[in-house]
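Here are a few exercises to work through with the model open beside you. Try each task before reading its solution.

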Amino acid sequence: IAKANEIIGLYPEGPETDAAKALLGQALAMRAFAYYYLVQLYQFPVTASGAVNYDAPAVPLIFTVADGLSTEEIDSFKGRNTVKDVYDAIEADLDKAVEYLAGYTRPSKVYVDQSVAYGIQARYYLLSQQWEKAATAAKNARAGYPIMDNDGLHDGFMYISNSEWMWGFKHTSETETTYASFFSHIANLATGYAGLDYSAKLIDANLYSQIPDDDYRKDLFNGPDGDESQPTAGAQVPYANLKFGNTGDWCMDYLYMRASEMVLIEAEALAQQGKTADAAKVLKELMSKRQPSWNRATASVEDVYLQRRIELWGEGFAYFDLKRLNKGIDRTYEGTNHDPAYLLKVPAQDVRWCYQIPLTEINENTHISESDQNE
């Protein structure tokens, strides 16, 4: 947010050139992206009834004079604003980002262009339950990105050149972080913490059992017997994920956004409106490349949610989906494959779902005190 504000602050009168529009559009998209995550970490996005939790205290908003605010107004936003205040800020930034990034051709997928801004917008509209806008933004975002086929599905999720990747980070020998990397922790096939079986990353047994045998994604995971033919200890254990691969030089690229997620957002947004036939039609665009036998006439919100869990496994969505859909977790079921030391059952709305405000923020922000702390 601080870095985005440095760029936003350069244009108090707004952008005048195409280059300025592209730069400002990216900065606004990234600021919105940051607040999109912060508001979910430090508050429940929905109430116990499932309604948007607009009135709950959320996070500080840091603006600049380039946002058209006086210094007094800027100061007034440095306390815990409501969820609605934060949502309004996110929405305003994304509207401008989409506008400013129109016509911008980025040098590579490392940069944010209009398709990515639409993608962030689609995520935000899904979170804020603006279903029609979510469906439209997701459709706009994925335009021009084909859903990858079975070969792409099994390429290790480590190449930014994958046809359906919309946004990511291209690693080089100068940027890779070896054991401190994402792949060290997620890829059982790499020789990091997961691959050495210090903390192998496994699919939930109950979820695995819901993947049909003719679904191409099923063999992205070991079954209950494991697979001793795999090259690392972490990849041999039961239910180990084989989704994330290994190039051997720790230069595996990072995935931030892809077209399949946008299909799932569009389908869920339609299902949330009761348009289950339309939802199934959209979802089939994905399922035809994952399970060709899938041919349902309707798709409910729960149908789409199951496909989100399977398709986006390990990509960073489960925690946020559980919070916005008001779902708890239960690892205590019969046949669970979770570690006996962590057989947790945490219901929705439990205080453990929300992060505590950092003590540094309480100590250094005069607008926030200990009384503002989450439970």
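**Exercise 1. Placing a glycine**

Task: In this predicted model, find where Gly192 is located and decide whether Gly192 counts as buried or exposed.

Solution:
- Step 1. Start with the location: Gly192 belongs to the loop between α8 and α9.
- Step 2. Next, take the relative accessibility of Gly192, which is 0%. Buried means under 20%, so Gly192 counts as buried.
- Step 3. Now look for its partners. With neighbours within four places in sequence set aside, Gly192 contacts Tyr179, Ser184 and Trp250.
- Step 4. Finally, try a distance: Ser181 is eleven residues away from Gly192 along the chain, and their C-alpha atoms are 8.6 Å apart.

**Exercise 2. Others in that loop**

Task: Work out which surface patch includes Tyr193, and what is notable about the phi of Asp197.

Solution:
- Step 1. Tyr193 also sits in the loop between α8 and α9. Its relative accessible area is 34%, so Tyr193 is partly exposed.
- Step 2. Tyr193 joins Tyr179, Leu196 and Tyr198 in a nonpolar surface patch, and together these residues have about 430 Å² of accessible area.
- Step 3. Turn to Asp197, found in the loop between α8 and α9 as well. Asp197 is not a glycine, yet its phi is positive, near 65°.
- Step 4. Asp197 has 35% relative accessibility and therefore counts as partly exposed.
- Step 5. For another case of positive phi, visit Asn326, a non-glycine residue with a phi of about 60°. Asn326 lies in the loop between α14 (318-324) and β3 (329-330) and, at 21% relative accessible area, is partly exposed.

**Exercise 3. Two helices, end to end**

Task: Compare the spans of α4 and α12 with what is expected, then find which helices their buried residues pack against.

Solution:
- Step 1. Helix α4 covers residues 83-100, 18 residues in total, and its first and last C-alpha atoms are 26 Å apart, close to the expected 26 Å.
- Step 2. Helix α12 (residues 276-287) has twelve residues, which should span 16 Å; the end C-alpha atoms are 15 Å apart, so the values agree.
- Step 3. List the buried residues. In α4 they include Val83, Val86, Tyr87, Ile90, Leu94 and Tyr100; in α12 they are Ala279, Ala280, Val282, Leu283, Leu286 and Met287.
- Step 4. Why look for spacings of three or four? An α-helix has 3.6 residues a turn, so residues three or four places apart point the same way.
- Step 5. Follow the packing: buried residues of α4 meet α2 (18-41), α5 (114-127) and α6 (131-142), while those of α12 meet α6, α11 (259-272) and α13 (301-311).

**Exercise 4. Into the core**

Task: Identify which residues touch the most other members of the largest nonpolar core.

Solution:
- Step 1. That core has 76 residues, and those touching the most other members are Val86, Tyr87, Ile90, Ile120, Met262 and Leu283.
- Step 2. Helix α2 supplies the largest share of this core, eleven residues.
- Step 3. A separate second core has 25 residues, among them Phe157, Met158, Phe244 and Trp250.
- Step 4. Return to Met262: beyond residues up to four places away in sequence, it touches Gly119, Ala122, Ala138, Ala141, Arg142, Met166 and Met257.
- Step 5. Tyr87 also has a loop partner, Ser128, which touches Val52 and Tyr54 too. Ser128 lies between α5 and α6 and, at 2% relative accessibility, counts as buried.

Technical notes. Residues numbered from 1 in each chain as written. Predicted model: local features only at pLDDT ≥ 70, side-chain atom pairs only at ≥ 80, totals over all residues. Heavy atoms only, no water. Helix = DSSP H or I, 4+ residues; strand = E, 2+ residues; numbered from the N terminus. Expected span 1.5 Å × (residues − 1). Buried < 20%, exposed > 50% of the residue type's maximum accessible area, 1.4 Å probe, protein only. Contact = heavy atoms within 4.5 Å. Core = buried A, V, L, I, M, F, W, Y, C linked by side-chain atoms within 4.5 Å. Patch = residues over 30% accessible without salt bridge, like charges linked within 9 Å, V, L, I, M, F, W, Y side chains within 5 Å. Areas by Shrake-Rupley, 256 points an atom, 1.4 Å probe, with all protein chains shown as cover. Salt bridge = Lys/Arg side-chain N within 4 Å of Asp/Glu carboxyl O.
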